[in-house]
Structures are given as structure tokens and as C-alpha cells.
Amino acid sequence: MFARVNSTGCYGMEAFCVEVEADCYNGLPRFDIVGLPDASVKESCDRVRAAMKNCGCHFPVSRITVNLAPADRRKEGPLYDLPMLVALLAASGQLKQMSPKSAFFGELSLDGAVRRVNGALPMVIQARDAGWDEVFLPAGNAAEGSVVEGIKVYPVAHLKQLLAHLRGQEKIAPAEPVEAMASPLALPDFADVKGQREAKRALEVAAAGNHNVLMIGPPGSGKSMLAKRLPSVLPGLSPAESLETTKLYSVAGELPSDVSLLRERPFRSPHHTVSAAGLSGGGSIPRPGELSLAHNGVLFLDELPEFNRVALEVLRQPMEDGSVSISRAAGTVRYPCAVMLVCAMNPCPCGFFGHPTRRCTCPPGAAQRYLSRVSGPLLDRLDIHIEVPPVDFKRLASEEKSEASSLIRERIQRARDTQQARFKNRGLHANGQMDAAHTREHCKLDGEGRRLLESAFAALGLSARAYDKILRVARTIADLEGSEAIATPHLAEAVQYRSLDRKFWAER
């Protein structure tokens, strides 16, 4: 007998429809899986056989062929266990033929339990877009699948539960959408940071316009402390950003089972030993890297010169395009990576070059070699460069309270609202994402501002990219001030944020 069951597959963030066809016919007992399966799919025959036996079903003693169509597209992962089993039961007469409007996916354990799989959210969206009415998925994926409107999502914890539903004995209740809530974790607050008023101002500008930042300062000056408090001042994700970020975490298998949608912007801080593939993504089955997992959030690279040079250079193109492409023989996967890149570094190996009270102990030329690990092209792509000086004892011992993150977040939210209105229906969310055409349109200068920028351009030897970045940062500063036009003080502050790299590099 023959049976057909609908399922889905996922390659990168792209989901596609799969038809699982099972045929049982006379011949020597054998179980063949065709349709370009990988090793984990071929192993499904053993999991399916054991699960059927341990759940009281009869495994057909016949020649069995399972086809995964379309046959020219590679099928990966254990998610086809469940549809294969259902198709076999229907083909052997133990279940009625499945509705063409139903879909199944999930991994089986040997005792019949249904385990969660990666990429459930994009696959449920694909099932809905294909016109199917219902999808049966692992209970561990129910929270993320329930957010998709227009399709019934049935969470399956065990094969016996699914069989009882399909036979009309005991129905499974559809998963209800989980109320999306902000993270209950208390985020570190900027009120804890003593001093560093200039650095906090620069990070406020960066957060308001989604600009990249480089912080240079001696050990213990608070660079990491400042960076880790950025999530507390960033606005929450918009519905579109939340869905896209959640899909990335679903594909990567990093979405908690009790979370439906991510509402807080991600903060990723990989160790400096991370490889280029770990940063940008990769593998035989391409998975998102740290760069993509920080999409719509913050990627913090502490001790920047300690990172592998090849890994750092991988960042250059994705920072410009907002996406990273991973090419393999099976095809090309594109993952979004619109991140706010925050970097921190010491000025030299010992960390005390330029320190007001401590002497640098590095041998001659060591500081230059240390700083040269960061290439000029990468540095040029960082919008804001700030010096984070050491904090003196008087400020550290002071009982004076610093400004709380909640107040800073209100100002940033107003600036972001202004930018959202400016870029409505243009696919942009913040000033840092503007291209050259948008920059010319929204960053017009008066005569005084043009003369100031011309003198800064000549004095600092800035590149054309740096020119655009100064204009975008000035636009963000004006938005924070509620100004429609970019005034000279806004432009002067933006220029100040580009001078630090030239100062440090020129002194060696």
C-alpha cells in the first residue's frame, strides 16, 4: 500500500515543503530511504522501527521504500522521523490516510517520545504559507510554533498521544500563543558606573543610532562594564525584528523551549579564541555564527587585538551589507546580521600607554605591533572611537548616583521613534543603517557645518567612508536633541568621535 504525508525542511532560514511517501510491497524485508537524505535521515529507519515496536504498533514485514520529495533537494536532520512513521502506519493500514492539509515533523526517541528540532518557527510559517490547516510538532517547539497565526499547532510529547489523536480516541489541544513578555532578568544598570560621563554619552549616541563603537583605555577603566550595560538602554524589538531574531535562534537551536518570541535585543560576547566560522557562521550544514545571533542587538568583542586576524577581517563585508553569505556545494545561505558592534581594547600589551599615573613597561615597538593587529579598513568601519580613561579614587568613593538606564533609554527611544518615522517603508530602522543615498538626503549641512567638516577632513586625513559616518552620527546627535537640522555643535561632537584612532595610531 501507498501513503503520503506532508512535512517541511529547513536550509538556513529558508523552509521548504517536503512530501514523505511510503510504499509497502511484497519482497524481501528491507527499508530504503530515497530522496537525497543525509546520514541522520538514513538512520531514521532504526528509530522508526524501535518507536513503533515500543508503542504497540506492528512494523510491516515487507519491502519498504520511503521517498522524500522533491528528490533533488538535500534533506538533513532527524525531523523526518515523525512523518515517516505516520506514513508507514498509513501505508500498512494501521492508520487512515492523512489529510493533505496536515503536516508533521519531529525527532523520535526509541521509546516513542518526540524530541524538539531546530528551525521549527520558519517551518511552521512555511506550512501556513503552503495552505495547510494544521501541523503536528514536538511539544518542545510548541511555544515558538504557536506565534504563527492562521494554522493550528498541535504539540506532541509522545507517539502514543499522537496515535490517540489520529484515531479519534483523545484529541490533542492546540497550542495557545504564549504572551510575549520582556526578559524577567534584571539587566545591569548604568547607575552602577562611576564617572566616565563622556564614554556614557558616546554610548548613548551609538545606541540611539545603532552605530559601531571602539573603546580604548587601560585595564580596569570600565570598558567591559559599560558595554555590558548597553542592553539596559536599548529599545525593545519591534514585531518584525522580534520575529526575525527568533527565527535565527530557532534555526541555531538556541531558543529556550518556553520562549515564544524574543523581546529583548540579544547581547553576544564571544571569547577572543573564536574562529572565523564561529564568528560568521558555517559548517557542512551552515549554521548562524555569533555575528548573526547578535542580529538586531549587540556584538561585543572584548580585547579586540587578541582576536584572530582572519576572524576580524570576516566582519568587514557583513558590517557594510547587514548580512553574511555562506556558500557550500549544496547552495548558499544568507543570514541577516544588522548588529551594533562594540569593541574594547587596551592601548598596548601592558595596557598603560598614556596612563596619567602608571608607566608603560612595553619594549619599543611592542605597542605599535599590538595596535597593528587591528586593520585600518576594519577601524574605518567603526563609527565612534572613544577613550575610556581611568577613574580616580574620589569618583569611585563618591556616593553620588549616576544617571539610571531607564532615563537614558527614554531619550534613546524618542530618537529611535524619530528615525522610525523618517525611514518608514524603507527597510531601515536606525541612522547607522543608512547608505550613501539616504545620507545625502537626510544629512544636509549649512555653510558653517560644511566648512567645519572640510577642515576636519583635511586635518585628520579621513576616508570617504568616515565622511559618511560622521554625517550619520551627527544626524543621530541631532535626533537626540530633537533638532530637525544638523547644527554645527552636532557635527563638532561627531567629528570628535573620529579623532581618537588617528591620535593613537599617529603617535607610534
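Let's start with one ring: Phe457 has a relative accessibility of 32%, so it counts as partly exposed. That label covers the range between buried (under 20% relative accessible area) and exposed (over 50%), worked out with a 1.4 Å probe on protein chains only. What you're looking at is a predicted model, where local features need pLDDT of at least 70 and side-chain atom pairs count only at pLDDT 80 or more, while totals for chains, interfaces and linings use all residues. Numbering runs from 1 along each chain as its sequence is written, and side-chain values use heavy atoms, with hydrogens and water left out.

**The big picture**

- The chain has 508 residues, and 53% of them count as buried.
- Its C-alpha trace spans about 85 × 50 × 45 Å along the principal axes.
- You'll find 22 helices and 18 strands in the chain; these are DSSP runs numbered from the N terminus, with helices being H or I of at least four residues and strands being E of at least two.
- Take the contacts (heavy atoms within 4.5 Å) between residues at least 6 apart in sequence: 73% of them join residues at least 24 apart.

**Aromatic rings**

- Searching the whole structure turns up five aromatic pairs. Rings of Phe, Tyr and Trp (its six-membered ring) pair if their centres lie within 6.5 Å, and planes under 30 degrees apart are stacked, over 60 edge-to-face, and the rest tilted.
- One of the five is Phe136 with Tyr154, a stacked pair at 4.9 Å centre to centre and 15° between the planes.
- This pair links distant parts of the chain, with Phe136 in strand E8 (residues 134-138) and Tyr154 in strand E9 (residues 152-156), 18 residues apart.
- Both Phe136 and Tyr154 are buried.
- Phe457 comes back here: with Tyr467 it makes an edge-to-face pair, 6.2 Å centre to centre and 80° between the planes.
- That pair, too, links distant parts of the chain, 10 residues apart: Phe457 sits in helix H19 (residues 447-460) and Tyr467 in helix H20 (residues 464-480).
- Tyr467 has a relative accessible area of 34%, so it is partly exposed.
- Phe104 joins Phe136 and Tyr154 in a cluster linked by ring pairs.
- Arg73 holds its charged end over the ring of Phe16, 4.1 Å from the centre. A charge sits over a ring if NZ of Lys or CZ of Arg is within 6 Å of the ring centre and within 35 degrees of the ring normal.
- Arg422 lies over the face of Phe423, 5.8 Å from the ring centre.

**Nonpolar cores**

- The largest nonpolar core holds 95 residues, and Leu301 and Leu315 touch the most other members.
- Helix H3 gives this core its largest share, nine residues.
- There's a second, separate core of 48 residues, with Leu203, Cys443, Leu471 and Tyr497 among them.
- A core here is a set of buried Ala, Val, Leu, Ile, Met, Phe, Trp, Tyr and Cys residues joined through side-chain atoms within 4.5 Å.
- Setting aside neighbours within four places in sequence, the contacts of Leu315 are Leu279, Leu291, Leu299, Leu301, Leu341 and Leu378.

**Helix H2**

- H2 (residues 44-54) has buried residues including Ser44, Cys45, Arg47 and Val48.
- Their cover includes strand E3 (30-34), helix H1 (39-42), helix H3 (81-91), strand E6 (107-108) and helix H6 (159-166).
- Gly56, just after H2, has a positive phi of about 80°.

**An open sheet**

- Five strands in the order E11-E14-E17-E10-E18 form an open sheet with parallel pairing; two strands pair if DSSP finds at least two bridges between them.
- Strand E11 (267-268) and strand E18 (384-387) are at the edges with a single partner strand each, so one side of each has no neighbour in the sheet.
- E14 and strand E17 (residues 340-345) pair in the parallel sense over four bridges, and Leu299 stands opposite Leu341 in E17.
- Helix H7 (residues 197-209) lies across strand E10 (213-216), E17 and E18, at about 165° to E18. Axes are lines fitted to C-alpha atoms, for helices over the stretch in contact, and angles run from 0 to 180 degrees between N-to-C directions.

**Backbone oddities**

- Ala69 and Pro70 are joined by a cis peptide bond, with omega about 5°. Pro70 lies in the loop between strand E4 (63-69) and H3.
- Asn296 has a positive phi near 65° without being glycine. Its relative accessibility is 6%, so Asn296 counts as buried.
- Asn425 also has a positive phi, near 65°, but with a relative accessible area of 76% Asn425 is exposed.
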